[in-house]
Amino acid sequence: MRLIERIRRLVPGDGRVALVLVVIGALVALIARGFSWPGFATHDTLFITQEALQSSYTSYHPVLNALLIRGLAVPFESYALYTSVQILLCVTLFVRGASLVAHGMQKPAWILLGVVAWAVMPSTYLYLGIIWKDVIAAYSIFYLAALCIYARQHGTLSGSPDAVLFGLSLFLLVGMRHGMAFNLLLVPLAIGAGQVWRTRPFRYAYFGVLGGLMCIAFVSASPLVKNDESHLLKLKISAVSQPFLGMVVNRSGYTSDNMQFDHDLANRVFGPEYREKYRPDYVMTDVVLTDVGELDAAYRDILKRTARLCLLNVAQCGSDRIQMMLATLQPSTDFGGMKFYDLGLMSDCEATFGMDPEKCDVLIRFEAGEKPAALTDLQRMVIEGLVEKRGAINNLVLWNLLPFLLLLLGYLLVLRAGHPLWIASLLVLMQIPLALATSVANDFRYYYFLAPFGFVMGGLAVARLSPKRRVFLEE
């Protein structure tokens, strides 16, 4: 009886909805755990795991992610515990976040529409079981947005359990994603800075986040972590190369005022075959220079030249980034469509990704010996069908996030400024400029957070269209 009562507290006024939410969440967690056993690896996973194995960390990826793998995977030579913790955390954040949104509805059963949609999407299970920092960030953003809706709707924050989830999700979001520190200010403002300060558990949780991130910063600045300057400079060059290369190769009909200079600069940085390698829907990262000083000089040259070209043609530079974002939301590229998700099933890691044998050996130590043959066949069949052989319908149903983006934009246009959903939509949409401003603006993972939020918002949109108008958050 006590368990049922605790479940009922998730959604006051309708214990049946609370029970269904918990049951759906439990089923999703179990299916994800079984299907993804012991866990899917990505290109990044191998680098991070290799760092954790050698206890030699770099700034190539957030140190927090490597430390988590060091504690949850390396001692067991298995990804099973890491992915189990991730699945449990993400499902908890989603179910609790959905229940917080349901608190503001007169008919909370409508929230089940979005939760069921999330539960039946195969992409949900592919993501939950993969070691990728952006998955945790996605569910953290969803929960923080839901907490924002609840706080703004009720004028108060809930108890200590939500304070713990608030602190944990904010810490992981900032600690696992480069450049997400702006959320340390944005999230409290969206929830209500006064409420966070007045509610003691949340105040303590916020200061705990700051303390934890300071500890991570100290570790990152210590001799334990090497600064991978060459990689960072390559990212810098990549960040400005898209508009530069777009103009140099004249793909958009734009002619430079000094084409020979541009060709010489592109040839020096990207190699003589840059015209053949460059594709408009992909950020050029094939930098052939390796000397840090030479890379630094090349970055300054491209940055100065890109700035001049963009001043001469602002529309071209702006449209490049927007086109990449739209191509990502409408997965038109293999890279944007999770091409790497079958890495753990590949038999020729070295040939596929050009890695050294030590990094590829991670798959043998952490995955190959744990996957039963039948499960490996099932994983390969699902991934090949959903990821590698994606047709138009598959793209539209499983991977297209553009409707969710338009839905959030619609809330900003239709609802009055200051409405709980208006504030929450703004909080989520503010995450997008980060990806637009970085070197990997067409990387699908940076927009995945729209999916779990979009499912719930979609259910609420249907509720608003129902004949009985007062089924949604009050205006």
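F35 and F40 are both buried in this predicted model. The rings of these two residues are arranged edge-to-face, because their planes stand at 70 degrees, over the 60 degrees required for that class, with the ring centres 5.7 Å apart. This pair belongs to a set of seven aromatic pairs held by the structure.

A further aromatic pair is formed by F166 and F202, whose ring centres are separated by 5.4 Å. The angle between the planes of F166 and F202 is 45 degrees, and the pair is accordingly classed as tilted. The pair connects distant parts of the chain: F166 lies in helix α9 (residues 160–176), whereas F202 lies in helix α12 (residues 200–221), 36 residues apart. F166 and F202 are both buried.

Aromatic residues also assemble into a cluster, which consists of F94, W118, Y139 and F142. A ring is involved in another kind of arrangement at W197, where the charged end of R203 is placed over the ring at 4.7 Å from its centre.

Two of the aromatic residues named above, F166 and W118, recur in the description of the nonpolar interior. The largest nonpolar core comprises 112 residues, and F166 and W118 are among those with the most contacts inside it, together with I111, L170, I191 and M457. Helix α8 (residues 133–154) supplies the largest share of this core, contributing 15 residues. A second core, separate from the largest one, contains 18 residues, including I237, Y274, L295 and I302. In soluble globular proteins, nonpolar side chains tend to be buried together.

The surroundings of M457 can be described individually. When residues up to four places away in sequence are not counted, M457 touches I149, L407, L408, Y411 and L421.

A polar residue, Q86, was examined in the same manner. Q86 is found in helix α5, which spans residues 80–102. Its relative accessible area is 2%, under the 20% limit, and Q86 is therefore buried. The side chain of Q86 reaches the backbone oxygen of I130 at a distance of 2.7 Å. I130 also appears among the residues in contact with Q86 once neighbours within four places in sequence are left aside. The other contacts of Q86 counted in this way are Y127, L128, G129, W132, V135 and I136.

Technical notes
Residues are numbered from 1 along each chain as its sequence is written. This is a predicted model: local features need pLDDT of at least 70, side-chain atom pairs count only at pLDDT 80 or more; totals for chains, interfaces and linings use all residues. Side-chain values use heavy atoms; hydrogens and water are left out. A nonpolar core is a set of buried Ala, Val, Leu, Ile, Met, Phe, Trp, Tyr and Cys residues joined through side-chain atoms within 4.5 Å. Buried means under 20% relative accessible area, exposed over 50%, partly exposed in between (1.4 Å probe, protein chains only). Helices (H or I, at least four residues) and strands (E, at least two) are DSSP runs, numbered from the N terminus. Contact means heavy atoms within 4.5 Å. A polar contact is a pair of N or O atoms within 3.5 Å; within protein, one must be able to donate a hydrogen and the other to accept it, and residues adjacent in sequence count only if both atoms are side-chain atoms. Rings of Phe, Tyr and Trp (its six-membered ring) pair if their centres lie within 6.5 Å; planes under 30 degrees apart count as stacked, over 60 as edge-to-face and the rest as tilted. A charge sits over a ring if NZ of Lys or CZ of Arg is within 6 Å of the ring centre and within 35 degrees of the ring normal.
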